[in-house]
Amino acid sequence: MDFAWVSTYWPLIVAGAMQTVLLLAISVSFGFILAIGLALAQVSGTPWLRWLARGYCTLFRGTPLLIQLWLFYYGVGSFLPMVPGLRESILWPVVREGFFFAAVSFTLNYAAYEAEVLRGALLAVPKGELEAGRAFGMSRFTLLRRIWLPRAIRIALPTIGGEVVLQLKATPLAFTVTVMDLYAVAYKVRQDTLLVYEPLAVVTVFYVCLTLVITRAFRLVEMQVPIRR
Amino acid sequence: MAALLVAEEANPISTNPTVWQLLSPYPPGWGGMLLAGAASTVLIWIGAYLLGIIIGLAGAAGKLKGRRPVVALLDGYTTAVRAIPELILIIGLYYAGTDGINRLLSAFGIPPIEINGFFAAVLVLGLVQGAYMTEVLRGAILAIPVGQIEAASAFGMRPWLRFRRIVLPALMPNALPGMANLWMSVTKDSALIAVVGYQELALATRLAAGNTKHYFLFFFAAAVIYLVITLVSNVLFGGLESHFRRGQPKAA
């Protein structure tokens, strides 16, 4: 075991960790917003919307994330330069990077899984509470904002924590589309120094630490709003 | 220049192929390669899943009945596998496994061998599956009412008979949803094997796409293949679960 390379590659490791965290934060936050819409469409949408949302979830949950990522990066990416005006626009430096495609496909994928979780949670909110809200004369939107959604999110919170950890464990895939995340740093160290296990071990410690941080954070949030039994 | 023109004529696909020419199962179409990749992918799933069930059964038994060091060891295994990203686990195990076997062989004076990518893939994915399967089966066994197992013991059933007649049928309905989830996850994790360089569906697709530059078409085709297999196995697991739940009261 040889860990002398850590001192030279330290800045790269930190930068990689930043990329990983950024990718996770983007996909989880935007994915969550998208998931709320998808879950609501499945629970209380018109038949047409319901069918659309269900199809989306089946599509993204039924295919490997790696294939989705490559479909976006190679497939959609090869069409993007044909979009008139995009190459000259200020968006181009963002849109041509692997990071953009990784963020988009991770977001869409996370939303599909999260929507399924939220759908179950929305259905699990006790009917009486919604009826009480309606009896107070709340409009549909107020009811959703004040009662239905907060209650559902609280019910789903432990599962959401698990989903975020799963999403963290999916982020190394981004290295296949040239994102310099934590795993890509390990790969680069392997190429430079011909060490196989040491970089993987160091990066693994980072991932496990991030997992611990996520689970702790969710436990803290859960303790803020205890569920009465 | 003339030679180039002849080559162009001999190979009509290079001019402007239609979608069906590209996906045709016979060369110069790439469909055959995709289907071969799909076949080896399905074999990897089945092998890894069966290995996972065997490890899971042993692991669950060890966790429930084993001595303390065995329980600690199994806890370490399941925690490590579930905490480390699949990609790192697969790459680490892939290299460590092939490296370890070759070192073992050289210790006995046998020249190093090229480890078959298929078996390495099955082994690695099976080890990952086994950790999750241990937890699923352990939970399912714990959910069996103790009285049923005690009654079997009171009848004088030996452990194997008790497992076959009482525990297994009672465990299946509890375990099947979790096992169906694991099947879905192995179908998706297997794509990660492409990163190690074994030619299953994902890598075959990437090669076909890279060679023809029709990236969208080929990745879309691969996605459709994965989706169809997922939907079919959804139906199969649904049927299996209702078979094992026969005679149970319906949930409200």
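These are my notebook entries on a predicted model, with chain A taken up before one patch on chain B.

**Chain A, overall**

I looked up the secondary structure of chain A and found nine helices and zero strands. Read along the sequence, the pattern is α-α-α-α-α-α-α-α-α. I then took the extent of the C-alpha trace, which spans about 70 × 50 × 30 Å along the principal axes of chain A.

For burial, I noted that chain A has 229 residues, of which 48% count as buried. I also checked how its contacts are spread along the sequence. Among those between residues at least 6 apart, 79% join residues at least 24 apart.

**Chain A, surface and charge**

I recorded an exposed area of about 12,000 Å² for chain A, with carbon and sulfur atoms supplying 70% of it. I counted charged side chains next: chain A has 20 positive and 12 negative ones. The centres of these two sets lie 13 Å apart.

**A:E114**

I placed A:E114 in helix α5 of chain A, which covers residues 98-124. I asked which side chain of opposite charge is nearest to A:E114. That side chain is A:R61, at 11 Å, and A:E114 is buried yet has no salt bridge. I listed the contacts of A:E114, leaving out residues up to four places away in sequence: A:F32, A:A35, A:I160 and A:E163. One of these contacts, A:E163, is itself a Glu.

**Positive phi: A:T178 and A:L194**

I looked at backbone angles with the usual rule in mind: most residues other than glycine have a negative phi. A:T178 is not a glycine, but its phi is positive, about 65°. I found A:T178 in the loop of chain A between α7 (140-170) and α8 (182-193). Its relative accessible area is 58%, so A:T178 counts as exposed.

I noted A:L194 as well, with a positive phi of about 65° although this residue is not a glycine. A:L194 sits in the loop between α8 and α9 (197-224) of chain A. I entered A:L194 as exposed because its relative accessible area is 72%.

**Patch on chain B**

I looked up a nonpolar surface patch and found that B:F220, B:V224, B:V228, B:V232 and B:L236 make it. The patch has an area of about 450 Å². I traced one of its members, B:F220, to helix α11 of chain B, residues 215-244. Is B:F220 buried, partly exposed or exposed? I entered B:F220 as partly exposed, because its relative accessible area is 45% and the exposed class begins over 50%.

How values were computed
Residues are numbered from 1 along each chain as its sequence is written. Chains are lettered from A and ligands numbered from 1 in the order in which they are written. This is a predicted model: local features need pLDDT of at least 70, side-chain atom pairs count only at pLDDT 80 or more; totals for chains, interfaces and linings use all residues. Side-chain values use heavy atoms; hydrogens and water are left out. Helices (H or I, at least four residues) and strands (E, at least two) are DSSP runs, numbered from the N terminus. Buried means under 20% relative accessible area, exposed over 50%, partly exposed in between (1.4 Å probe, protein chains only). Contact means heavy atoms within 4.5 Å. Accessible areas come from the Shrake-Rupley method with a 1.4 Å probe; for residues, only the protein chains shown count as cover. Lys and Arg count as positive and Asp and Glu as negative; His and the chain ends are not counted. The place of a charge is taken as NZ of Lys, CZ of Arg, CG of Asp or CD of Glu. Patches are made of residues with over 30% relative accessible area and no salt bridge: like charges are joined within 9 Å, nonpolar side chains (Val, Leu, Ile, Met, Phe, Trp, Tyr) within 5 Å. A salt bridge is a side-chain nitrogen of Lys or Arg within 4 Å of a carboxyl oxygen of Asp or Glu.
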